[in-house]
Number of protein chains: 2
Amino acid sequence: MIRNLVNRKYLLGNPNRILFRAISTNGKLVVPWEDGKTSKYHGIWLRDSCQCRECHHPTTLQRLINSSSIPLDISADSITENGDGVEITWKGDHKSFYTYEWLRDHSYDPVLVEPPSIKEVLWTGRDLHNSYVKDPYSRDIPQVEFDEVMRDDAGVGKWTRKIAEYGFAFVNNTPVDEKATEELCKRIAFVRPTHYGGFWKFTSDMAKADLAYSQEELGVHTDGTYFTDQPGLQLFHLLEHIGTGGETPLVDGFKAAERLKELDPQAYTTLSTVPVPAHAAGNKDVCIQPADSFPILMHDHKGLLVQVRWNSDDRSTMREWDTPEQVLEFYRAAKVWSDILSSQEFVFQFQLQPGRPMIFNNLRVLHGRTGFEGKRTMCGAYINRDDYVSRLRLTNFGRKEVLRFL
Amino acid sequence: MIRNLVNRKYLLGNPNRILFRAISTNGKLVVPWEDGKTSKYHGIWLRDSCQCRECHHPTTLQRLINSSSIPLDISADSITENGDGVEITWKGDHKSFYTYEWLRDHSYDPVLVEPPSIKEVLWTGRDLHNSYVKDPYSRDIPQVEFDEVMRDDAGVGKWTRKIAEYGFAFVNNTPVDEKATEELCKRIAFVRPTHYGGFWKFTSDMAKADLAYSQEELGVHTDGTYFTDQPGLQLFHLLEHIGTGGETPLVDGFKAAERLKELDPQAYTTLSTVPVPAHAAGNKDVCIQPADSFPILMHDHKGLLVQVRWNSDDRSTMREWDTPEQVLEFYRAAKVWSDILSSQEFVFQFQLQPGRPMIFNNLRVLHGRTGFEGKRTMCGAYINRDDYVSRLRLTNFGRKEVLRFL
């Protein structure tokens, strides 16, 4: 976790050092902090953010005030210090109180505090391979015990933290059965159903019309590129395999993307912008296609890489190009990317073991399967990203700290 | 439905009029059509799109060829006409066959054919109100019969088409019970579970910590702005109401956005770009927040409005602004938008009736509820957008036509 390093003892020794300017048309509240920084707040933003029980529901934590009823040029009759914060009496008599802590946490001009987060540990396959071959239970391999996860939320916190750090984690000493595995998944959140069903168990056959259910080799990919919302987590538990093959290669997609950006910035840009259509149409009664064609490397509005969508098998015929020249550039970029993903340096490959399920962040870590022979029974499930992240944050930071930044 | 109007009898009377150029480095296949248009196809794109059983799985409809194994400058040994299409023998001996129909459907330079789609009928509240007060079963009100939906897929096709056209539809003569209502939902797809549960039934109380479960007036909004993937459809069935109030206002968000763009293009741009954070944190064990902060008006990569995210109650404190000046502009734009949404011209308001559930596209149509008194029991469910659209397209266009454009 990257703790925020700002000294939280920022309340001023001398309240008189807090300078107020009148909130009038386009007026702002100005708060100078002990560390020399100064925050400015618009009147309408403050009124809209009023934390009183009339304006902000104390249980549901939802806004009650009709924001559009606030005049854009709202002004205050009085602004006074009051204990740990500032009380504002608005024209029309409504009173709002903001603690200095709240003002500091929510300062936007400038932003002063960042919500807590987990620092990702990016890895290459080589890093993990060397540890794993010496000892699959080495400290370098992200893992938790089944019992600790089932025992209490601290165990769930430890588990979800490993997933957030490494993008995957093993769960040691799990009972080799379907029911216990499903209960394990539910420690994070409910199972996400899809057109294939919910929690699944299968022995290799072609009853489900998707290559994932065959015995063929599957190159590394992310699941559900055909969904608007790709599954966030996937868990695999190998219950039995009488036969050979069927190893699991994993690749850290964020690490691979970092390498792509170094090696070939143009390819990185291409894969971050060209929209790729996808479909799941093997079952007679569905043809799932996402709401939009999304690029392979997806970034949030701040430009941070947050999601990898890569499954060449599920890619539909590409007929939407900005220019015909984009065609060759896309294939060129995809080849550079694919070469990184399949290089020995990047692939961490291992044999799943009964009793040691593996869960991974499907938005970051790509998975595959080598070809196999014999009877092989697996079970597993998807969990939504939103529910997983909620659980991750609450178990690791505590409810108070998570709510602090709403 | 906007049928594609291109004459599909485009196969040439005289095959000799088809001109081939050699596919060599950066070479392309060139196909002139009867209507005077000409399509060009890159060699690598053609090879990657090979439809043979070795390259494209006939059942799962997934790509089998490893795209990155294709040389960027792949060339052909021969190109010949063969019945209804073109056969290409690639250097290295693999043979591919493309029908003229497939080539025309997938032409990208230029795009010649558009997949079938349903034309949306945008409405104002006034349009529907005038019809509804005369007769709630007027032809102008989108509706289907419970029996026809339960009978066969043609009924489901009719229902989903109404939803796609109007953004909502009533289902007449539905049994007034929970079980039948759930079966009705499942005619489209499985119910989407959330942290609140799956198919729900409730009588007004505060057991679920969200304003939606209270008796307060709720302004029009979309549900689940705190999810990465907002629920696609929502169905409401009023089972019983002994009391007064509780009417349902609906607003066509796409029509309202069209008006906003006319009235105030700057406000439209603001609401299409400023990221808005959201949360659902009323229940002690969750704090759901989307993967990114999304704008209120969401567009696809072609710039088409595809989704409205609007729930002022669930909006978190906004601390991310490109510039401080954006603050006032956001509140100004949101006020113009909110005024349109609450204007009599735009709101279609009615009283739900037992036996006549209403389903709506939550990505387009905003809903609310006026305050009420008395005992009121509702049931309903969410359905994912992807599963709904799959069902919509398959029941309306048929599987062959849907698969044609993959």
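**Entry 1: helix H10 of chain B**

I looked up which residues of H10(B) are buried in this predicted model, and I noted Arg385(B), Asp386(B), Asp387(B), Tyr388(B), Val389(B), Ser390(B), Arg391(B), Leu392(B), Arg393(B), Leu394(B), Asn396(B) and Phe397(B). Since buried means under 20% relative accessible area, I read the count as follows: 12 of the 13 residues of H10(B) are buried, so this helix is largely enclosed by the rest of the structure.

I then asked myself what the buried residues of H10(B) pack against. In chain B I found two helices, H5 (153-166) and H11 (399-403), together with two strands, E10 (233-245) and E17 (372-383).

Next I checked the length of the helix, which covers residues 385-397 of chain B, and its first and last C-alpha lie 18 Å apart, close to the 18 Å expected at 1.5 Å a residue. Following the chain just past the end of H10(B), I came to Gly398(B), where phi is positive, at about 85 degrees.

**Entry 2: a sheet in chain A**

I turned to chain A and wrote down an open sheet of 3 strands, whose order is E3-E4-E5 and whose pairing is antiparallel. Which strands are at the edges? They are E3 (76-82) and E5 (95-99) of chain A, each of which pairs on one side only. For the twist I recorded that neighbouring strands of this sheet are turned against each other by 20 degrees on average, with direction ignored.

Finally I looked at how E3(A) is joined to E4(A), residues 85-90, and I noted 6 bridges between these antiparallel strands. As one example, I traced Thr80(A) to its bridge partner in E4(A), which is Glu87(A).

Definitions and conventions:
Residues are numbered from 1 along each chain as its sequence is written. Chains are lettered from A and ligands numbered from 1 in the order in which they are written. This is a predicted model: local features need pLDDT of at least 70, side-chain atom pairs count only at pLDDT 80 or more; totals for chains, interfaces and linings use all residues. Side-chain values use heavy atoms; hydrogens and water are left out. Two strands pair if DSSP finds at least two bridges between them. Helices (H or I, at least four residues) and strands (E, at least two) are DSSP runs, numbered from the N terminus. Axes are lines fitted to C-alpha atoms, for helices over the stretch in contact, and angles run from 0 to 180 degrees between N-to-C directions. The expected span of a helix is 1.5 Å times one less than its number of residues. Buried means under 20% relative accessible area, exposed over 50%, partly exposed in between (1.4 Å probe, protein chains only). Contact means heavy atoms within 4.5 Å.
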